[in-house]
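This briefing introduces a single structure to a reader who has not met it before. Please view the sequence and the model together, and then consult the points below.

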Amino acid sequence: IDLVTRETLWISETSGTLPLSVAPQVVDGILIVPEEGAGLAGFWADTGELLWHTPPAIDINPKNPYTAKIDALLVWQGIIYVARYDWKLSAYELKSGKQLWQINASGRADLDLAIDDQALYLSGGHFLRAYGLEYVKMLWEREFDELTGPILLEDGILYLGLFSESNSLMAIDLETGDDLWQVQLGGGDGADIRSLVLNQDVIYV
């Protein structure tokens, strides 16, 4: 929809009827849209023309279809990185949708991703892991007593939400590996940390 004229510029259909598990993204003129069965589709953002789509990655369970979902999606230097509910981590070419690689991460839980020039970071279950961008091997792994939640990376500092009776937020210096601080947030009893947003010197949880 054009915000000035309020006219509909184009309409394009995607597969499935379930709500999107993660928001679409526009990168380099390509609109990346999650599809049913944790697949992906790429459209030209200007015209709505379909460029590519991937086949479903997870079989849909009729009793619980929401488990066939993408947990996290990010784009870095022309590559789409996807973490899915079945604990598979995949990479695709942005322009073609071609799958470059896929690996399994042990366990099962909601996942989140962050990235920088050094590594791809994955949180999920009781673990925080870093994977090399070139050879896709695990560089290091850290285990926590609590369940790991959303992560956010800014200026070499990784912010990590931890689920517990009181919930907490911690900051890790990725260069040294040191824990900079950890604060208790309260709000346990099912009040999970859903997302992290950073604006200047304030982080919103």
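Leu 51 is partly exposed, because its relative accessible area is 30%, a value that falls between the 20% limit for buried residues and the 50% limit for exposed ones. This residue belongs to strand β4. The model described here is a predicted one.

**Surroundings of Leu 51**

- With residues up to four places away in sequence left out, Leu 51 is in contact with Ile 30, Gly 42, Phe 43 and Trp 44.
- Leu 51 and Ser 96 are separated by 45 residues in sequence, while their C-alpha atoms are 7.3 Å apart in space.

**The chain as a whole**

- The chain contains 18 strands and zero helices.
- Its radius of gyration is 18 Å and the globule rule gives 17 Å for 205 residues, so the chain is as compact as a globular protein of that length.
- Along the principal axes, the C-alpha atoms fill a box of roughly 50 × 40 × 40 Å.
- Of the 205 residues in the chain, 42% are buried.
- Among contacts with a separation of 6 or more, 34% join residues that are 24 or more positions apart.

**Surface and charge**

- The exposed area of the chain is about 11900 Å², of which 49% comes from carbon and sulfur atoms.
- Negative side chains number 31 and positive side chains number 12.
- The centres of these two sets of charges lie 8 Å apart.

**Nonpolar cores**

- The largest nonpolar core has 17 residues, and those touching the most other members are Tyr 81, Ala 83, Leu 89, Trp 101, Leu 113, Leu 120 and Leu 122.
- Two or more residues of this core come from each of the strands β5 (70-76), β6 (79-84), β7 (88-93), β8 (99-104), β9 (112-115) and β10 (119-124).
- A separate core of 15 residues lies apart from it, and its members include Val 22, Val 27, Leu 40 and Ile 70.
- Beyond residues up to four places away in sequence, Tyr 81 touches Ala 72, Leu 73, Leu 74, Trp 76, Ser 90, Ala 91, Trp 101, Leu 113, Ile 115, Leu 120 and Leu 133.

**Residues with positive phi**

- Arg 6 is a residue other than glycine with a positive phi, near 60 degrees.
- Arg 6 is placed in the segment before β1 (25-27), and it counts as exposed because its relative accessibility is 67%, where the exposed class begins over 50%.
- Asp 155, also a residue other than glycine, has a positive phi near 55 degrees.
- The loop between β13 (147-154) and β14 (157-163) holds Asp 155, and a relative accessibility of 73% means that Asp 155 counts as exposed.

**Pro 55 in its loop**

- Pro 55 lies in the loop that runs between β4 (50-53) and β5.
- With a relative accessible area of 60%, Pro 55 is exposed.
- Pro 55 and Gly 37 are 18 residues apart in sequence, and the distance from C-alpha to C-alpha is 8.1 Å.

Note on methods. Residues are numbered from 1 along each chain as its sequence is written. This is a predicted model: local features need pLDDT of at least 70, side-chain atom pairs count only at pLDDT 80 or more; totals for chains, interfaces and linings use all residues. Side-chain values use heavy atoms; hydrogens and water are left out. Helices (H or I, at least four residues) and strands (E, at least two) are DSSP runs, numbered from the N terminus. The radius of gyration is taken over C-alpha atoms; the globule rule is 2.2 Å times the number of residues to the power 0.38. Buried means under 20% relative accessible area, exposed over 50%, partly exposed in between (1.4 Å probe, protein chains only). Contact means heavy atoms within 4.5 Å. Accessible areas come from the Shrake-Rupley method with a 1.4 Å probe; for residues, only the protein chains shown count as cover. Lys and Arg count as positive and Asp and Glu as negative; His and the chain ends are not counted. The place of a charge is taken as NZ of Lys, CZ of Arg, CG of Asp or CD of Glu. A nonpolar core is a set of buried Ala, Val, Leu, Ile, Met, Phe, Trp, Tyr and Cys residues joined through side-chain atoms within 4.5 Å.
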